[in-house]
There are 4 protein chains.
Amino acid sequence: MTKPIHVTVWGENVHERENPIVAQVYPDGMHACIAEGLRTDAGLEVGTATLDEAEHGLTESKLAGTDVLVWWGHAAHGKVKDAIVERVLSRIWEGMGFIALHSAHYSKVFKRLMGTSCSLTWREAGERERLWICNPGHPIAAGIDRFFEIKNTEMYGEPFAIPTPDEIVFLSWFEGGEVFRSGCTWKRGNGKIFYFRPGHETYPIYFHPIVRQVLGNAVRWAAPEGQAWIDTCPNVPIDQAREKLIVKGPRLHREGEQGFR
Amino acid sequence: MTKPIHVTVWGENVHERENPIVAQVYPDGMHACIAEGLRTDAGLEVGTATLDEAEHGLTESKLAGTDVLVWWGHAAHGKVKDAIVERVLSRIWEGMGFIALHSAHYSKVFKRLMGTSCSLTWREAGERERLWICNPGHPIAAGIDRFFEIKNTEMYGEPFAIPTPDEIVFLSWFEGGEVFRSGCTWKRGNGKIFYFRPGHETYPIYFHPIVRQVLGNAVRWAAPEGQAWIDTCPNVPIDQAREKLIVKGPRLHREGEQGFR
Amino acid sequence: MTKPIHVTVWGENVHERENPIVAQVYPDGMHACIAEGLRTDAGLEVGTATLDEAEHGLTESKLAGTDVLVWWGHAAHGKVKDAIVERVLSRIWEGMGFIALHSAHYSKVFKRLMGTSCSLTWREAGERERLWICNPGHPIAAGIDRFFEIKNTEMYGEPFAIPTPDEIVFLSWFEGGEVFRSGCTWKRGNGKIFYFRPGHETYPIYFHPIVRQVLGNAVRWAAPEGQAWIDTCPNVPIDQAREKLIVKGPRLHREGEQGFR
Amino acid sequence: MTKPIHVTVWGENVHERENPIVAQVYPDGMHACIAEGLRTDAGLEVGTATLDEAEHGLTESKLAGTDVLVWWGHAAHGKVKDAIVERVLSRIWEGMGFIALHSAHYSKVFKRLMGTSCSLTWREAGERERLWICNPGHPIAAGIDRFFEIKNTEMYGEPFAIPTPDEIVFLSWFEGGEVFRSGCTWKRGNGKIFYFRPGHETYPIYFHPIVRQVLGNAVRWAAPEGQAWIDTCPNVPIDQAREKLIVKGPRLHREGEQGFR
């Protein structure tokens with residue numbers, strides 16, 4: 001039997017409580033809806049965490065036990081504490097997968113991973129979106145045909161200010177005339193990262209069966225595949241060099257001293 | 001006549017004043033030595049800035065007039081103010097080139113651009129380094145033959161925790177048995193980034209004629225080549241959609257409102 | 001004064017003579033129209049070459065004097081001789097830029113550079129195309145605003161079977177509902193490569209002022225920027241190793257012998 | 001129980017029969033030795049194929065049943081038939097993994113996948129090689145510490161004329177002073193590609209336990225992970241466009257006709 005993949009769905013859970021339209025669409029919170037969709041996959045063990053929990057629900061031990069972290073945020077990006085952002089980044093570098101949803105393009109974690117502004121253009125008109133698959137053989141697109149459609153959605157348009165993705169899985173066509181790189185992958189350290197555009201909170205997008213299928217595929221794709229690794233800039237003692245060395249110059253650091261940070 | 005490229009060499013200027021060995025090698029500061037080397041290229045206009053100046057010498061107008069920023073830091077990475085880091089990042093995204101030297105692998109700006117830990121291994125033994133050129137046709141390697149050597153240097157070894165570079169220009173061989181990706185390029189937004197390994201402060205590496213040649217080449221390579229661009233996530237008004245749209249669903253934002261950050 | 005960039009526009013010139021619709025749109029051949037557009041840029045020296053010339057007009061000396069080769073082909077990809085394809089590839093690796101237009105996605109040279117099938121989907125209905133700029137600061141997009149439109153064109157749709165581009169400059173939206181990566185860059189050896197989608201031969205697309213502007217931008221971007229380099233797998237004689245070596249094992253090759261091909 | 005991965009080890013099997021030194025090191029052929037090493041992994045089903053078999057042992061059905069193809073060739077690259085090369089490429093694009101060993105940098109298949117010259121420098125002196133791991137968390141490096149050593153080997157040095165790898169897993173240090181990108185990954189179509197440098201035929205390198213471990217890791221990494229996909233440039237009939245279209249211009253092709261190749 002294959003080991004289950006441990007997934008944590010993080011949601012800021014703000015609009016669901018403050019905005020009546022969102023509350024009606026996602027009465028239990030968006031994180032709960034996303035988690036419910038993932039639980040239909042028997043190989044996944046799915047938990048949730050939210051902004052208002054202690055340490056935003058992302059304690060050291062919770063992250064240590066998480067294989068893939070799914071991130072929904074929109075109204076409260078600025079309320080996520082920097083110390084938690086650093087902790088999430090370190091765990092990603094170690095190998096945890098990270099899936100950024102829709103407005104999470106502007107989350108602190110995603111912006112830190114990208115190193116760019118992550119800007120885009122947008123419009124709320126409930127228009128139609130068609131997501132085309134750029135590589136029908138990609139595991140994130142498994143089981144989908146050439147495209148799928150979302151009847152009513154917010155538009156995100158290019159330019160999307162990201163570094164070149166390793167692969168583009170989905171490209172969106174919008175009724176109003178725009179296009180967008182809607183499914184993109186990167187690797188940072190040993191963490192696999194997937195950005196997936198669909199998901200505005202005033203529409204029931206996380207109930208959409210193909211959106212749910214993509215999220216399940218993405219979680220499986222982003223699960224760690226190597227050994228956990230993150231480094232701390234170790235000094236190599238001179239007498240442990242693989243080729244014999246005689247010290248030939250002055251040094252800033254004494255033997256065994258840490259480097260600067 | 002071609003327009004000159006405006007270069008700013010930033011140095012933290014700490015070790016040069018506090019450590020007598022470094023003070024002897026670089027009596028005017030490392031930034032001054034690096035700038036002096038670049039000034040031998042008639043097409044470059046070279047200024048400097050240091051940590052202890054107001055705003056670290058990196059005011060809005062100074063950055064606006066800088067085409068390429070060269071960064072030396074080691075002992076005082078943590079003293080660089082976050083607001084200045086953000087300002088430098090924005091200017092890089094707009095198109096300013098950025099050259100990170102040696103220990104700047106751990107500078108705040110470089111780590112923010114990479115989105116990884118930027119860890120490596122290191123040893124101070126004054127050993128020999130040989131830098132091989134991976135692509136003799138690359139403009140950063142112009143005028144150099146297949147390799148060049150540095151007689152005494154600190155060692156940096158793999159694993160170097162960076163995202164895959166766009167191109168690797170130099171790979172280092174060390175006397176003690178290690179290897180390192182010593183010359184790497186990336187692009188973030190419209191800014192071209194070059195990381196160049198040579199440069200420990202207890203050795204006169206920035207007086208080395210080929211190191212100076214590489215820095216001149218790198219500055220020319222990193223100069224902006226397109227139009228300055230950085231974006232602010234603009235809303236596209238519904239009546240300005242290129243294809244006629246009728247609003248079909250609820251909205252979070254009123255017309256003209258800003259998105260969340 | 002800056003040195004001019006030498007451009008060769010290669011056209012197969014088949015449909016222009018055999019198909020009356022194409023002959024009417026491009027009476028002098030498509031290569032002539034493309035060259036005419038580029039000649040409005042004073043910094044470019046533009047010549048042409050066609051399939052029916054000796055060596056397809058791509059002699060050793062013609063290629064040696066070409067900085068950027070622009071390629072139009074469609075009906076006669078299979079008639080391009082393999083020896084000429086190899087010659088063009090070698091010159092690209094040395095540093096010559098290569099711009100593949102529209103149906104050149106299936107040209108021998110482009111397929112060899114990509115290493116993939118280069119397949120796509122297509123439809124001829126004279127529909128509207130809108131090309132969005134993914135990075136308004138990219139030199140290939142200089143002088144264009146956020147998008148431009150082509151009133152009547154053939155559709156090319158995803159999946160486009162290419163390796164991940166270094167950068168995507170244009171993404172297309174089609175009236176019939178598809179999307180396409182319409183402006184993509186790669187580097188192979190020292191040659192910069194740009195694929196540009198617009199250009200079906202039954203429409204006057206190469207008369208379109210913005211298409212012409214993009215082609216001019218692309219030629220300037222693709223011009224060689226380093227020193228010409230291509231290698232021949234040289235043996236390094238043992239006595240020329242940078243570190244002293246004593247032969248410690250058997251050899252397949254005698255000293256000075258060539259490697260296998 | 002997990003499905004086994006089907007591996008085919010292809011060897012040209014020329015030097016093993018013609019050169020007495022090689023025959024002594026690899027009496028059953030190099031392909032047999034490589035296959036034997038892989039068979040110690042219970043999850044792999046390993047077969048072999050050689051140049052002198054009909055269709056070089058790479059029939060349509062053999063390839064259809066192969067998940068990962070391991071390729072050894074050196075003296076007889078030019079004898080591999082182009083039709084078989086095309087067949088192997090198509091199967092890679094569909095999803096089959098491909099592992100190119102040592103001198104296979106100059107094999108027809110590898111050169112076609114790369115689109116570059118694949119040149120390097122080399123020396124036969126039986127010198128020492130140390131392979132450093134650039135990312136200790138990468139699955140291809142699983143179970144290995146920071147480096148491993150090969151006591152006697154041929155040297156391969158930079159410049160290695162390849163397109164930028166997706167990831168570099170190993171970098172080599174050589175006793176004679178050179179460095180080399182010895183473990184590199186790419187993706188072409190849906191096929192994962194790994195180039196692994198170690199392997200000169202006059203040394204017992206494929207008996208080395210860590211070399212064998214890397215090959216096992218690499219095979220597992222390169223196994224297909226999505227659904228097989230390769231495309232044939234299909235026409236999209238106008239009446240099947242997702243958005244209603246009215247034909248607005250002339251056409252080169254009649255409805256249902258194939259495109260040009």
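This passage walks through the sheets of chains A and D and then the two interfaces, in a model that is predicted.

A good place to begin is the sheet of chain A. Nine strands form an open sheet here, arranged in the order β2-β1-β3-β4-β9-β8-β7-β5-β6 with mixed pairing. At its edges stand β2 (44-50) and β6 (147-157) of chain A; each has a single partner strand, so one side of each is left without a neighbour in the sheet. Direction ignored, neighbouring strands of this sheet are turned by 25° against each other on average. One pairing within chain A can be followed in detail: strand β8 (residues 179-188) and strand β9 (residues 191-196) run antiparallel and are joined by six bridges. Along this pair, A:R188 has A:G191 of β9(A) opposite. Helix α7 (residues 209-222) of chain A packs on the sheet, where it touches β1 (5-11), β2, β3 (68-72), β4 (97-101), β6, β7 (167-174), β8 and β9 of chain A. The direction of helix α7 makes about 165° with that of β9(A).

Chain D can be read in a similar way. Its open sheet has nine strands in the order β2-β1-β3-β4-β9-β8-β7-β5-β6, again with mixed pairing. β2 (44-50) and β6 (147-157) of chain D are the edge strands, each pairing on one side only. From one strand to the next, the twist averages 25°. A parallel pairing serves as the example in this chain: strand β3 (residues 68-72) and strand β4 (residues 97-101) of chain D are joined by four bridges. Within that pairing, D:V68 has D:G97 in β4(D) as its bridge partner. Helix α7 (residues 209-222) of chain D also packs on the sheet, with β1 (5-11), β2 and β3 among the strands it touches, and its direction makes about 165° with that of β9(D).

Attention now turns to chains C and D. In this interface, 68 residues of chain C are in contact with 68 residues of chain D. Between them the two chains bury about 5600 Å², with 61% of it on carbon and sulfur atoms. On the chain C side, C:W122, C:E124 and C:L252 supply 13% of the buried area, more than any other three residues. Two salt bridges are counted between chain C and chain D. In a salt bridge between C:K248 and D:E175, the closest N and O atoms lie 2.7 Å apart. There are also 30 residue pairs in polar contact between these chains. Elements giving two or more residues to the side of chain C that touches chain D are α2 (20-25), α6 (108-114), β5 (121-133) and β6 (147-157). The largest share, eight residues, comes from β5(C). By class, this side of chain C divides into 28 nonpolar, 24 polar and 16 charged residues.

The remaining interface joins chains B and A. Here 68 residues of chain B are in contact with 68 residues of chain A. The buried area is about 5600 Å², and carbon and sulfur atoms give 60% of it. B:W122, B:E124 and B:L252 lose the most area to chain A within chain B, together 13% of what that side buries. Two salt bridges are found across this interface. In one salt bridge, the side chains of A:K248 and B:E175 meet at 2.7 Å, N to O. Polar contacts link 30 residue pairs across the interface of chain B and chain A. With eight residues, β5(B) gives the most to the side of chain B that touches chain A.

Methods:
Residues are numbered from 1 along each chain as its sequence is written. Chains are lettered from A and ligands numbered from 1 in the order in which they are written. This is a predicted model: local features need pLDDT of at least 70, side-chain atom pairs count only at pLDDT 80 or more; totals for chains, interfaces and linings use all residues. Side-chain values use heavy atoms; hydrogens and water are left out. Two strands pair if DSSP finds at least two bridges between them. Axes are lines fitted to C-alpha atoms, for helices over the stretch in contact, and angles run from 0 to 180 degrees between N-to-C directions. Contact means heavy atoms within 4.5 Å. Buried area is the accessible area (1.4 Å probe) that two parts lose on being put together, summed over both. A salt bridge is a side-chain nitrogen of Lys or Arg within 4 Å of a carboxyl oxygen of Asp or Glu. A polar contact is a pair of N or O atoms within 3.5 Å; within protein, one must be able to donate a hydrogen and the other to accept it, and residues adjacent in sequence count only if both atoms are side-chain atoms. Ala, Val, Leu, Ile, Met, Phe, Trp, Tyr, Cys and Pro count as nonpolar, Asp, Glu, Lys and Arg as charged, and the others, Gly among them, as polar.
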